[in-house]
Amino acid sequence: MNQLRVDRNFSLSDLARLANIGRSTLHHWETGHATPQVDLLARAADTLGVSIGDLVHIPEHERFPGDLRILRGLTQPQLGREAEVPTATVGAIERGEVALTEEYAQRLAAALDVPIEMYRAAYERSRRRPPGTPA
């Protein structure tokens, strides 16, 4: 984010003020001492005039379901509302803890505006990830 911010002539204070995010929060993101909340990241991206994908670089073949959600700028509750899937189920699917039904796959992929095959592949990566690897 630092380079995009500088390229767009935003000081850290400017971005903090215009995105309504704490300056120290932004500093911690840029130094790698904190991970952004998706809703705040979406505000920063919008203020900079970029997509979340411009700030978060995850190769498509490495994405988990949670990554697809974050790239759309949605929290789990927001995705759950859009897809009409309980928030707890969204989280369990993202972690690969429950089976992904055809109905939920269709709803979640549609809400994320991604092909269902992409969502299924992300889910399978989450299911097969090594122990201790966060989804």
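# Briefing: an all-helix predicted model

Leaving aside neighbours within four places in sequence, L79 is in contact with R69, L74, V90, E94, L108, A111 and L112. L79 is also among the residues with the most contacts inside the largest nonpolar core, which has 18 residues. Apart from this core lies another, of 17 residues. The model is predicted. It has 10 helices and 0 strands.

**Overall layout**

- Read along the sequence, the pattern is α-α-α-α-α-α-α-α-α-α.
- The C-alpha atoms fill a box of roughly 45 × 30 × 25 Å, taken along the principal axes.
- The protein has 135 residues, and 39% of them count as buried.
- Of the contacts between residues at least 6 apart in sequence, 51% join residues at least 24 apart.

**Nonpolar cores**

- In the largest nonpolar core, the residues with the most contacts inside it are L79, A83, I93, L100, L108, L112 and Y119.
- Two or more residues of this core come from each of helix 7 (76-83), helix 8 (87-94), helix 9 (102-112) and helix 10 (116-128).
- The largest contribution to this core is that of helix 9, with 5 residues.
- The other core, of 17 residues, lies apart from the largest one and includes L15, L40, A44 and I52.

**Helix 2 and the residue after it**

- Helix 2 covers residues 12-19, and its buried residues are L12, L15, A16 and A19.
- These residues span an arc of only 100° around the axis, so they sit on the same side of helix 2.
- They pack against helix 1 (2-7), helix 3 (23-30) and helix 4.
- One of them, L15, also belongs to the core of 17 residues.
- Helix 2 is followed by N20, which lies in the loop between helix 2 and helix 3.
- N20 has a positive phi of about 55° although it is not a glycine.
- The relative accessible area of N20 is 60%, so N20 counts as exposed.

**Helix 4 and the residue after it**

- The buried residues of helix 4 are V38, L40, L41, A44, A45 and L48.
- Seen down the helix axis, they fall within an arc of 160°, and therefore they line one face of helix 4.
- What covers them includes helix 1, helix 2, helix 3, helix 5 (52-55) and helix 6.
- L40 and A44, which are among these buried residues, are also among the members of the core of 17 residues.
- Just after helix 4, G49 takes a positive phi of about 75°.

**Largest pocket**

- The volume of the largest pocket is about 250 Å³.
- It is lined by 16 residues, of which T35, I58, G66, D67 and I70 are the closest to its centre.
- Helix 4 (38-48) and helix 6 (65-71) are the elements that give two or more residues to this lining.
- Helix 6 gives the most to the lining of the largest pocket, with 4 residues.
- By class, the lining of the largest pocket has 7 nonpolar, 5 polar and 4 charged residues.
- Helix 4 thus appears in two settings: it gives residues to the pocket lining, and its buried residues are covered in part by helix 6.

**S126 in helix 10**

- S126 is placed in helix 10, one of the helices that give two or more residues to the largest nonpolar core.
- S126 is buried, with a relative accessible area of 1%, against a cut-off of under 20% for buried residues.
- Not counting residues up to four places away in sequence, S126 touches F64, P65, I93, E94, R95, G96 and A135.
- One of these, I93, is among the residues with the most contacts inside the largest nonpolar core.
- E94 is in contact with S126 and also with L79.

**D113, between helix 9 and helix 10**

- D113 lies in the loop between helix 9 and helix 10.
- Phi of D113 is near 60°, a positive value in a residue other than glycine.
- D113 has 65% relative accessibility, so D113 counts as exposed.

Technical notes
Residues numbered from 1 in each chain as written. Predicted model: local features only at pLDDT ≥ 70, side-chain atom pairs only at ≥ 80, totals over all residues. Heavy atoms only, no water. 1 Å grid on protein atoms, 1.4 Å probe; cavity = no way out; pocket = protein on both sides within 12 Å on 5 of 7 lines; lining within 4 Å. Points joined across faces, edges and corners; volume = space filled by probe spheres on them. Nonpolar A, V, L, I, M, F, W, Y, C, P; charged D, E, K, R; others polar. Core = buried A, V, L, I, M, F, W, Y, C linked by side-chain atoms within 4.5 Å. Buried < 20%, exposed > 50% of the residue type's maximum accessible area, 1.4 Å probe, protein only. Contact = heavy atoms within 4.5 Å. Arc of directions from axis to C-beta.
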